[in-house]
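Got your viewer open? Here is a walk through the two chains, one selection after another.

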Amino acid sequence: MTEPGHSDPPAVEVVRAGKRYGSVDALLGVDLTIARGTFFTLLGPSGCGKTTLLRLVAGFEAPSSGIVRIGGIDVTGRPPHRRSVNTVFQSYALFPHLTVAQNVAFGLEMLGRADARDRTREMLALVRLDGFADRRPAQLSGGQQQRVALARALAPSPEVLLLDEPLSALDLKLRREMQRELKRLQHETGITFVFVTHDQEEALTMSDRIAVMEGGRVLQVGPPREIYDAPATRFVAGFIGESNVLAGEVREGRVHLPGGSVPAPDGAAGPVTLAIRPERVTLAASGAPDTLAAVLATTIYQGADLTAHLRLPDGTEIAARLPADAAPGPPGTPHGVAFAPGALRVLAE
Amino acid sequence: MRRFDPAALPGFAWIAVGALILLWAPIATMVVYSFNASQSVALWGGFSLQWYAAAAGNAAVQAAALRSVVIALSAAAIASAVAKMAALGTTRRGGFRGRRVIYLVINQPLMVPEIVTAVALLIVFASVKVATGYAGLGYLILAHSAFCVPFAYLPIRARLEGMDRSLETAAADLYATPWQTFRHVTLPILAPGIAAGAMLAFVISLDDVIITEFVKSAGQDTLPTYMLGQLRRAVTPEVNAISTALLALTVTLLTAFFVLTRRRDTKP
């Protein structure tokens with residue numbers, strides 16, 4: 001189905017896709033729409049179903065139920081070699097018996113493309129491996145192999161490029177570099193990228209949109225800022241960055257928490273679970289209005305900043321990220337805990 | 001804690017040297033005496049290539065050598081083709097019931113005493129010969145192919161198991177049909193294993209006595225059975241020369257086998 005007014009169908013549509021392995025459900029009725037030309041990330045811990053979802057789109061596996069569409073066309077039963085989708089594998093899966101240029105040309109030759117040679121040269125230039133055409137994969141470093149895998153997958157100009165944790169084997173410095181490189185390539189080619197990762201920081205810095213997955217379900221889909229600022233569930237709040245999670249009750253526009261009450265977020269009523277990021281928590285004088293009474297438990301110095309852990313009267317701990325020059329005093333010092341306006345989020349359980 | 005190290009035991013060096021001498025001294029003696037100028041196999045009479053010349057000029061040796069090579073080449077070709085399919089069948093289908101039974105069946109020639117197989121083949125082929133009237137080299141080729149299969153199978157299977165399965169997935173992802181994937185990815189990566197298996201099969205076939213002795217018809221001596229026949233009469237240095245030539249060929253092929261099976265490029 002296309003949105004009214006849009007003639008272009010989305011790059012990928014997954015409709016109620018389920019996947020069972022024996023008695024284990026890897027995916028439970030996943031619905032997902034990925035718009036053309038976006039950098040889309042599937043984020044979640046290992047075993048959440050993100051790689052299974054990727055393999056369904058690539059056609060390496062068939063869903064037990066549901067439909068997969070690519071560019072508006074139902075490809076559910078199609079084998080991988082008949083889908084305009086290419087994959088960058090976690091292990092790179094470069095053909096060891098072929099040269100770099102032959103690897104990059106592989107897809108083009110299988111398609112019988114007459115421009116295979118020129119296109120290969122173009123792709124090697126795009127990933128900055130011009131001088132490496134005649135080397136074997138074994139003669140390249142990990143980062144270079146990664147670039148070959150990218151060039152090989154991009155060469156046939158697929159409708160969708162799938163990337164299965166492609167950066168997990170690289171060290172931190174190279175990883176940062178490849179993150180920028182991937183963004184650049186996505187921008188320059190305009191191809192839809194579907195990127196799988198368990199690294200929330202990677203997801204936040206690279207993506208146009210993120211789908212957070214857990215236990216075979218998609219919990220929340222949105223741009224990184226929305227996922228970070230307004231996590232929909234306790235899992236999302238805990239998985240993306242750090243969060244304080246508090247239980248409280250809303251009465252007469254105020255949410256009552258251990259140690260005091262603060263103005264309630266819009267639309268909250270009755271017993272609620274709330275999340276707030278440590279950097280949106282500030283310290284005020286003990287007993288100040290709209291603060292919670294707390295005592296300092298520990299402080300942890302982290303160079304650029306300082307994290308203070310405060311204990312509420314019922315024993316709940318709450319973390320506050322403070323500037324590095326803050327002086328919250330010794331453990332036991334009483335403080336008022338304040339929340340930045342609008343920073344408290346109501347979580348769905 | 002120190003690990004137990006047999007090399008630290010007293011007398012280890014002497015036993016090792018003794019074992020090596022036992023293994024290699026007879027072969028060295030045979031090689032040396034194949035260059036003996038004297039008629040005797042026990043007395044050194046100077047260096048000469050006369051026994052090589054005699055063996056090469058002997059029509060019976062020529063015929064036996066040619067027969068050996070024809071049988072070994074045919075057996076190596078058939079065995080490696082069968083072994084390749086067997087290896088693909090046993091490693092590319094995931095786990096399935098009866099897999100262990102299949103391994104046992106494929107490797108049967110390694111476990112059943114060769115003399116048993118030889119007698120069994122003799123009985124079966126004898127009745128086939130009577131029924132069909134055909135008495136050519138086909139029986140030897142078939143018998144050799146059968147017992148060469150496990151030798152050809154093992155290096156191919158090792159190669160397949162060492163191969164990254166995602167390579168085939170990647171080929172399919174890059175628009176290769178299942179046949180193209182096999183042709184352009186699986187087969188080239190498998191090639192060294194197939195070549196190694198074929199060489200091993202060739203050497204095993206070239207060397208066989210027992211099954212050949214039972215299966216061959218009159219006038220179908222291979223090199224080893226010819227030599228055995230010769231030794232029954234008189235030991236001449238000519239046999240030394242033939243043995244040395246076989247040794248040289250075998251060593252060359254086995255060296256090639258080890259070079260090919262060194263796993264170098266199965267992974268990127």
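Before the first stop, one term: two residues count as in contact if their C-beta atoms, placed from the backbone, lie within 7 Å. Also keep in mind that what you have on screen is a predicted model.

**Stop 1: chain A as a whole**

Select chain A and colour by secondary structure. You should find eight helices and 20 strands. Lined up on its principal axes, the C-alpha atoms of chain A fill a box of roughly 75 × 45 × 45 Å. Of its 349 residues, 41% count as buried. How much of the contact in chain A links residues 24 or more positions apart? Taking contacts with a separation of 6 or more, such pairs account for 64% in chain A.

**Stop 2: the six-stranded sheet in chain A**

Stay with chain A and pick out strands 6, 7, 8, 3, 9 and 10. They make an open sheet in the order 6-7-8-3-9-10, with mixed pairing. Which strands sit at the edges? Look at strand 6 (85–88) and strand 10 (217–222) of chain A, each of which pairs on one side only. Now turn the sheet to view its twist, which averages 20° from one strand to the next.

Zoom in on the strand 10 edge. Strand 9 of chain A, residues 209–214, runs antiparallel to strand 10 of chain A, and five bridges join the two. For a landmark, show A:V212 and look across to A:Q220 in strand 10 of chain A, which stands opposite. If you show side chains here, one rule helps: in a regular strand they alternate between the two faces of the sheet.

**Stop 3: strands 11, 14 and 20 of chain A**

Next, select residues 244–251 (strand 11) and 270–276 (strand 14) of chain A. These two strands are antiparallel and joined by seven bridges. One facing pair to label is A:N244 with A:I276 of strand 14 of chain A.

Then add residues 345–347, which are strand 20 of chain A. Strand 14 of chain A pairs with strand 20 of chain A as well, antiparallel and through three bridges. Here A:A275 stands opposite A:R345 of strand 20 of chain A.

**Stop 4: over to chain B**

Hide chain A and bring up chain B. How many helices and strands does chain B have? The tally is twelve helices and zero strands. The C-alpha trace of chain B spans about 70 × 70 × 30 Å along its principal axes. Buried residues make up 34% of the 268 in chain B. Among contacts in chain B between residues at least 6 apart in sequence, 77% join residues at least 24 apart.

**Stop 5: helix 3 of chain B and two partners**

Select residues 59–91 of chain B, which form helix 3, and show helix 9 of chain B with it. What should you look for? Two packed helices are described by the angle between their axes and the distance between the axes. The axes of helix 3 and helix 9 of chain B come within 8 Å and cross at roughly 140°. Angles over 145 degrees would count as roughly antiparallel, so helix 3 of chain B and helix 9 of chain B are oblique to each other. Helix 3 of chain B passes helix 9 of chain B in a right-handed crossing. To see the contact, show residues including B:A72, B:A76 and B:A79 of helix 3 of chain B, and B:G197, B:A198 and B:A201 of helix 9 of chain B. By class, this contact of helix 3 with helix 9 of chain B has twelve nonpolar, four polar and one charged residues.

Now swap helix 9 for helix 7 of chain B, residues 138–162. Helix 3 and helix 7 of chain B pack at an angle of about 45°, with their axes 6 Å apart. That makes helix 3 of chain B oblique to helix 7 of chain B too. The crossing of helix 3 of chain B past helix 7 of chain B is right-handed. This contact between helix 3 and helix 7 of chain B has 17 nonpolar, six polar and three charged residues.

**Stop 6: B:N36**

Find B:N36 in the loop between helix 1 (12–33) and helix 2 (50–57) of chain B. Is B:N36 buried or exposed? B:N36 has 21 other C-beta atoms within 10 Å, and 20 or more make a residue buried, so B:N36 is buried. Leaving out residues up to four places away in sequence, B:N36 touches B:W44, B:G45, B:S48 and B:P237.

**Last stop: where the chains meet**

Show both chains again. The contact takes 19 residues from chain B and 23 residues from chain A. On the chain B side, helix 8 (166–173) and helix 9 (178–207) each supply at least two residues. The largest share of that side, six residues, comes from helix 8 of chain B. Colour the side of chain B that touches chain A by class, and you get ten nonpolar, five polar and four charged residues.

Note on methods: Residues are numbered from 1 along each chain as its sequence is written. Chains are lettered from A and ligands numbered from 1 in the order in which they are written. This is a predicted model: local features need pLDDT of at least 70, side-chain atom pairs count only at pLDDT 80 or more; totals for chains, interfaces and linings use all residues. Helices (H or I, at least four residues) and strands (E, at least two) are DSSP runs, numbered from the N terminus. Ala, Val, Leu, Ile, Met, Phe, Trp, Tyr, Cys and Pro count as nonpolar, Asp, Glu, Lys and Arg as charged, and the others, Gly among them, as polar. A residue is buried if 20 or more other C-beta atoms lie within 10 Å of its own, exposed if 12 or fewer, and partly exposed in between; C-beta atoms are placed from the backbone. Two strands pair if DSSP finds at least two bridges between them. Axes are lines fitted to C-alpha atoms, for helices over the stretch in contact, and angles run from 0 to 180 degrees between N-to-C directions. Angles under 35 degrees count as roughly parallel, over 145 as roughly antiparallel, 65 to 115 as roughly perpendicular and the rest as oblique. A crossing is left-handed if the near helix is turned anticlockwise from the far one by less than a right angle, and right-handed if clockwise.
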